[in-house]
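Good morning, everyone, and thank you for making the time. I would like to walk you through one structure, so please have a look at the sequence and the coordinates before I begin.

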Amino acid sequence: MLPTTEQGLTCIRLCQALTNFYRSIEILRLDERDGSIFIFAGEELQIQVYRDGTWEFLI
């Protein structure tokens, strides 16, 4: 499964914003089960990017 165009662009924007604030990207993973992208940044930030390009912070 490949990420969608919207998902890829959102992921790039989020990763750029995170590194602009000196947050390291620890894990960037495409979940094969539902097609969402998971980003783990720094020591506490978790973000999920959905196939339509929307995203949310995870708790």
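Let me begin with a term: I call a residue buried when its relative accessible area is under 20%, exposed when that area is over 50%, and partly exposed in between. With that cut-off, Cys 15 counts as buried because its relative accessibility is 15%, and Cys 11 is buried as well, with a relative accessible area of 8%. Please keep in mind throughout that what you are looking at is a predicted model.

Staying with the cysteines, how many disulfides does the structure hold? The count is zero, and for Cys 11 the reason is distance, because its sulfur lies 4.2 Å from the closest cysteine sulfur, that of Cys 15, which is too far for a bond. Seen from the other side, Cys 15 is in no disulfide either, its nearest cysteine sulfur being that of Cys 11.

Now to the strands. Strand E1, residues 25-30, and strand E2, residues 37-41, run antiparallel and are joined by five bridges, and one of the pairings places Leu 30 opposite Ile 37 as its bridge partner in E2. Between the two strands of this hairpin there are six residues, and Gly 35 there takes a positive phi near 80 degrees.

Strand E3, residues 45-49, contains Gln 48, which brings me to the residue I would like to dwell on. Is Gln 48 buried or exposed? Gln 48 counts as buried, since its relative accessibility is 15%. Its side chain makes a polar contact of 2.9 Å with the side chain of Ser 36, and another, of 3.5 Å, with the side chain of Tyr 50. Leaving aside residues up to four places away in sequence, Gln 48 touches, among others, Asp 34, Ile 37, Thr 54 and Trp 55.

Trp 55 leads on to the aromatic residues, where the structure holds one aromatic pair. The ring centres of Trp 55 and Phe 57 are 5.2 Å apart and their planes stand at 85 degrees, so the pair is edge-to-face. Trp 55 itself counts as partly exposed, because its relative accessibility is 39%.

Finally, the annotation: an unreviewed UniProt entry assigns "domain: DUF6888" to residues 3-56. Over residues 3-56 the chain is 30% helix and 33% strand, with the end C-alpha atoms 17 Å apart.

Notes
Residues are numbered from 1 along each chain as its sequence is written. This is a predicted model: local features need pLDDT of at least 70, side-chain atom pairs count only at pLDDT 80 or more; totals for chains, interfaces and linings use all residues. Side-chain values use heavy atoms; hydrogens and water are left out. Rings of Phe, Tyr and Trp (its six-membered ring) pair if their centres lie within 6.5 Å; planes under 30 degrees apart count as stacked, over 60 as edge-to-face and the rest as tilted. Buried means under 20% relative accessible area, exposed over 50%, partly exposed in between (1.4 Å probe, protein chains only). Two strands pair if DSSP finds at least two bridges between them. Helices (H or I, at least four residues) and strands (E, at least two) are DSSP runs, numbered from the N terminus. UniProt positions are given in the numbering used here, feature names are shortened, and annotations may be inferred rather than shown by experiment. A disulfide is a pair of cysteine sulfur atoms within 2.5 Å. A polar contact is a pair of N or O atoms within 3.5 Å; within protein, one must be able to donate a hydrogen and the other to accept it, and residues adjacent in sequence count only if both atoms are side-chain atoms. Contact means heavy atoms within 4.5 Å.
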